[in-house]
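Subject: Structure handover

Hello,

Here is the structure I said I would pass on. My notes on what was found in it follow below.

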Amino acid sequence: YDFEGSALSHILDVLAYNTYYTAFNTNMVVNELFLDSATLRDNVVRIAKQLGYTPKSVTAPQTEISFQVNFTGSYPSFVTLKAGTGFQATFDDTPYRFVTLQDQKVNVNSGVANFYNVEVREGSLIRNSYTVDTSLENQRFILDNANVDTNTIEVRIYQSENSTSYQLYQQESDILDVDQYSKVFFVDETEDERYEVLFGDGVFGRALENGEFIEIQYLISNGTAANDVQNFTFSGVLEDDK
C-alpha cells in the first residue's frame with residue numbers, strides 16, 4: 001500500500017474522482033433550482049410558472065401583400081386563397097413560406113380578382129386533432145411541434161368527429177373574467193419547448209364532454225430569421241367558387 005501503483009492507491013484515486021464528480025453534479029443541479037443561475041429553458045420555465053409568468057413563444061414575422069389574379073375565358077364569381085398557402089421567399093439562401101391563417105375570399109370582376117392587404121405570416125400551418133375521452137384520468141392535449149407561435153393558436157370544438165358545426169374557443173391568460181360557461185382555453189409550456197392546451201374544469205371555463213372532437217390549428221415558425229424578407233413569389237392554392 002505504500003507505493004504508487006498499489007491497490008490502495010488506486011482505490012483512493014477512484015474515491016477522490018467519484019467525490020469530485022458528485023460535488024460537480026450536485027452544484028449543477030442546485031444551480032438549476034434558481035432563476036438567476038438556471039441555464040436550461042425547461043427549468044427556467046418551471047420556475048417562472050411559480051411566479052405566474054408564461055414565457056413568450058416564437059413570434060412569426062408577418063406582412064401584408066396585395067396581388068391580382070387574371071382569368072382568361074370564363075371565370076368564377078368568387079375565388080378563395082386557401083388557408084395555409086400563400087407565398088415563397090428566399091433570404092440568405094434559405095427558403096421560407098409565408099401563409100394565410102384564414103381563407104381569403106374575393107369577388108371576380110371582369111375576369112380580375114384583386115386581393116388587398118392580405119396578411120401572411122412566416123411558417124407552416126399545422127392542425128392537430130383529438131377526441132375527448134373522460135375515462136382517462138389525465139388526458140393531455142400537447143402540440144406535436146416546437147417553435148409554435150402561441151398567438152396563432154385557434155381551437156375549434158365539435159360535438160363529434162363527424163360534425164360540421166363547431167364552437168370557437170378563445171385563448172385566456174387569467175381566470176378573473178372566466179366562469180363555468182366560458183368557452184376558453186389556456187396555453188402552458190411543457191418539456192422541450194412544446195405547448196399544452198388546457199381547458200376548463202366546469203368552474204373556471206366550460207368542461208369538455210366525452211366524445212367531443214377538438215381541432216387545434218397553429219403556426220410553427222422560424223421566428224426572426226425571416227424578418228428582412230422583401231421579395232415574394234406566389235405559391236398559394238386558389239379555389240374557384242361559381
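Four residues of helix α2 are buried: Asn-43, Val-45, Ile-47 and Ala-48. What they pack against is strand β11. After α2 comes Gly-52, which has a positive phi, near 75 degrees. Please keep in mind throughout that this is a predicted model.

The sheet

β11 belongs to an open sheet of seven strands with mixed pairing, in the order β7-β13-β9-β10-β11-β12-β8. β7 (124-131) and β8 (141-142) are the edge strands; each has a single partner, so one side of each has no neighbour in the sheet. Strands of a sheet pair through backbone hydrogen bonds, in either a parallel or an antiparallel sense.

Going through the pairs from the β7 edge:

- β7 and β13 run antiparallel and are joined by eight bridges. Arg-127 has Gln-217 in β13 as its bridge partner.
- β13 and β9 are also antiparallel, with seven bridges between them. Here the partner of Val-155 is Ile-216 in β13.
- β9 pairs with β10 (residues 166-171) in the antiparallel sense over four bridges. Ile-157 has Gln-167 in β10 as its bridge partner.
- β10 and β11 run parallel, joined by two bridges. Gln-170 stands opposite Val-184 in β11.
- β11 (residues 184-189) and β12 (residues 195-199) are antiparallel over five bridges. Phe-185 faces Phe-199 in β12.

β13 is mostly covered, with seven of its eight residues buried.

The cores

Which residues of the largest nonpolar core touch the most other members? Of its 18 residues, they are Leu-143, Ile-153, Val-155, Phe-199, Ile-214 and Ile-216. β9, β11, β12 and β13 (213-220) each give this core at least two residues. The largest share, four residues, is supplied by β9.

A second, separate core has 17 residues, including Val-79, Ala-89, Val-108 and Val-120.

Back in the largest core, Phe-199 is one of the residues that touch the most other members. Setting aside neighbours within four places in sequence, its contacts are Phe-141, Val-155, Ile-157, Tyr-169, Val-184, Phe-185, Leu-208 and Ile-214. Of these, Phe-185 is the residue that stands opposite Phe-199 across the β11 and β12 pairing.

The pockets

Rolling a probe the size of a water molecule over the atoms shows where empty space is left. The largest pocket has a volume of about 470 Å³. Its lining is made up of 20 residues, and those nearest its centre are Thr-54, Gln-171, Glu-172, Ser-173 and Val-187. The elements giving two or more residues to this lining are α2 (41-50), β9 (148-158), β11 and β12. β11 gives the largest share, four residues. By class, the lining has seven nonpolar, eight polar and five charged residues. Two of the contributing elements, α2 and β11, are the ones described at the start, where the buried residues of α2 pack against β11.

The second largest pocket has a volume of about 320 Å³. It is lined by 16 residues, with Gln-139, Phe-141, Phe-199, Gly-200 and Leu-208 nearest its centre. Phe-199 is in contact with both Phe-141 and Leu-208. The largest share of this lining, four residues, comes from β12. Its classes are eight nonpolar, four polar and four charged residues.

One loop residue

Is Asp-228 buried or exposed? Its relative accessibility is 52%, and the cut-off for exposed is over 50%, so Asp-228 counts as exposed. Asp-228 sits in the loop between β13 and β14 (233-234). From Phe-3, Asp-228 is 225 residues away in sequence and 68 Å away in space, C-alpha to C-alpha.

If you look at one residue to begin with, I would suggest Phe-199, which appears in the β11 and β12 pairing, in the largest nonpolar core and among the residues nearest the centre of the second largest pocket.

Regards

Key
Residues numbered from 1 in each chain as written. Predicted model: local features only at pLDDT ≥ 70, side-chain atom pairs only at ≥ 80, totals over all residues. Heavy atoms only, no water. Pairing = 2+ DSSP bridges. 1 Å grid on protein atoms, 1.4 Å probe; cavity = no way out; pocket = protein on both sides within 12 Å on 5 of 7 lines; lining within 4 Å. Points joined across faces, edges and corners; volume = space filled by probe spheres on them. Nonpolar A, V, L, I, M, F, W, Y, C, P; charged D, E, K, R; others polar. Core = buried A, V, L, I, M, F, W, Y, C linked by side-chain atoms within 4.5 Å. Buried < 20%, exposed > 50% of the residue type's maximum accessible area, 1.4 Å probe, protein only. Contact = heavy atoms within 4.5 Å.
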